[in-house]
Amino acid sequence: MKVLMLKDLKKVGKKGDVVDVSDGFGANFIIPRGYGRLFNEQAVKDYNKEQADEASRQEALRQEALKVKEELDKVTLEFLATAGRNGYMIGQISLKQIENELRQRGFSVDKKRFIKAEPVTYFGTGEMNIELYKGVVSTIHIHVKEKKKQ
């Protein structure tokens with residue numbers, strides 16, 4: 001039985017491969033569990049159409065990420081923090097605080113998307129990179145000022 005693989009299956013084949021398997025294995029395991037389809041012309045046409053749809057969907061996501069990147073590159077986040085006796089910052093600006101500030105400005109960015117992300121532990125300006133999509137990286141600017149003592 002020839003089967004067009006829809007998902008990777010160890011020791012059988014990768015997605016898109018046409019493999020020859022025993023009738024029982026194909027009919028009782030591969031096809032019912034969604035790992036593959038019986039190989040015929042219609043299955044190939046359907047697979048190619050699905051691949052084209054997925055490629056266009058991925059390109060749309062990439063274009064959306066590029067639009068968000070243009071907006072995020074202009075963003076500068078302002079934070080206030082207290083200073084200790086020697087002038088160093090007490091505490092830190094966490095990734096969650098940065099994520100919440102971005103949400104308040106209308107951006108939905110997950111903190112897992114930050115590249116080499118570490119909390120901000122100093123006064124002044126800094127940059128943080130965010131990977132919005134594969135290969136689309138935006139840079140946000142972070143400015144931490146000292147809280148005025150009363």
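These legends accompany close-up views of a predicted model.

**View 1. The three-stranded sheet.**
Let us start with the open sheet, whose 3 strands follow the order 4-6-5 with mixed pairing. Strand 4 (76–81) and strand 5 sit at the edges, and each of them pairs on one side only. From one strand to the next, the twist averages 30°. Strand 4 and strand 6 run parallel and are joined by 6 bridges. If you would like a landmark for this pairing, look for threonine 76, whose bridge partner in strand 6 is histidine 141. On the other pairing, strand 5 (residues 124–133) and strand 6 (residues 136–146) run antiparallel, with 9 bridges between them. As you follow any of these strands, keep in mind that in a regular strand the side chains alternate between the two faces of the sheet.

**View 2. The hairpin of strand 5 and strand 6.**
Here we stay with the antiparallel pair and look at its turn. The hairpin has 2 residues between its strands, and glycine 135 takes a positive phi near 85°. For a handy reference point in the ladder, find isoleucine 130, which has serine 138 as its bridge partner in strand 6.

**View 3. Helix 3 across the sheet.**
Helix 3 (residues 95–104) lies across strand 4, strand 5 and strand 6. Relative to strand 4, helix 3 runs at about 130°. Which residues does isoleucine 98 contact, leaving aside its neighbours within four places in sequence? The list is Leu77, Phe79, Ile93, Phe114, Val120, Met128, Ile140 and Ile142. Glutamate 99 also belongs to helix 3. Is glutamate 99 buried or exposed? Glutamate 99 counts as buried, because its relative accessibility is 5%, and buried means under 20%. Not counting residues up to four places away in sequence, glutamate 99 touches Val109, Asp110 and Lys111.

**View 4. Two nonpolar cores.**
The largest nonpolar core has 23 residues. Leu72, Ile98, Leu102 and Ile140 have the most contacts inside this core. Helix 2, strand 4, helix 3, strand 5 and strand 6 are the elements that each give two or more residues to this core. A second core, separate from the largest one, has 6 residues, among them Met5, Leu9, Val19 and Ile30. As general background, nonpolar side chains tend to be buried together in soluble globular proteins.

**View 5. Salt bridges along helix 2.**
Helix 2 spans residues 41–72, and two salt bridges within this helix make a nice pair to view together. In one of them, the side chains of aspartate 53 and lysine 49 meet at 3.2 Å, N to O. These two residues are 4 residues apart, about one turn of the helix. Aspartate 53 is partly exposed, with a relative accessible area of 39%, while lysine 49 is exposed, at 53%. In the other, glutamate 54 bridges to arginine 57, with the closest N and O atoms 3.0 Å apart. Glutamate 54 and arginine 57 are separated by about one helical turn because they lie 3 residues apart in helix 2. Both ends of this bridge are partly exposed: glutamate 54 has a relative accessible area of 33% and arginine 57 one of 44%.

**View 6. Further charged pairs.**
A search of the whole structure finds 8 salt bridges. One of them to look for joins lysine 69 and aspartate 73, whose closest N and O atoms are 2.8 Å apart. Lysine 69 is partly exposed, with a relative accessible area of 21%, and aspartate 73 is partly exposed too, at 26%. Elsewhere, a network of salt bridges links Arg37, Asp46 and Glu50. In general, side chains of opposite charge can pair when their charged atoms come close.

**View 7. The loop around glycine 16.**
Our last stop is the loop between strand 1 (2–5) and strand 2 (18–20), where glycine 16 is found. Glycine 16 is partly exposed, with a relative accessible area of 28%. How far apart in space are glycine 16 and methionine 5, C-alpha to C-alpha? They are 5.3 Å apart, with their positions 11 residues apart in sequence numbering. Setting aside residues up to four places away in sequence, glycine 16 touches Leu4, Met5 and Tyr47. Methionine 5 is also listed in the second core of 6 residues.

Notes:
Residues numbered from 1 in each chain as written. Predicted model: local features only at pLDDT ≥ 70, side-chain atom pairs only at ≥ 80, totals over all residues. Heavy atoms only, no water. Pairing = 2+ DSSP bridges. Axes fitted to C-alpha atoms, helices over the stretch in contact; angles between N-to-C directions. Contact = heavy atoms within 4.5 Å. Salt bridge = Lys/Arg side-chain N within 4 Å of Asp/Glu carboxyl O. Buried < 20%, exposed > 50% of the residue type's maximum accessible area, 1.4 Å probe, protein only. Core = buried A, V, L, I, M, F, W, Y, C linked by side-chain atoms within 4.5 Å.
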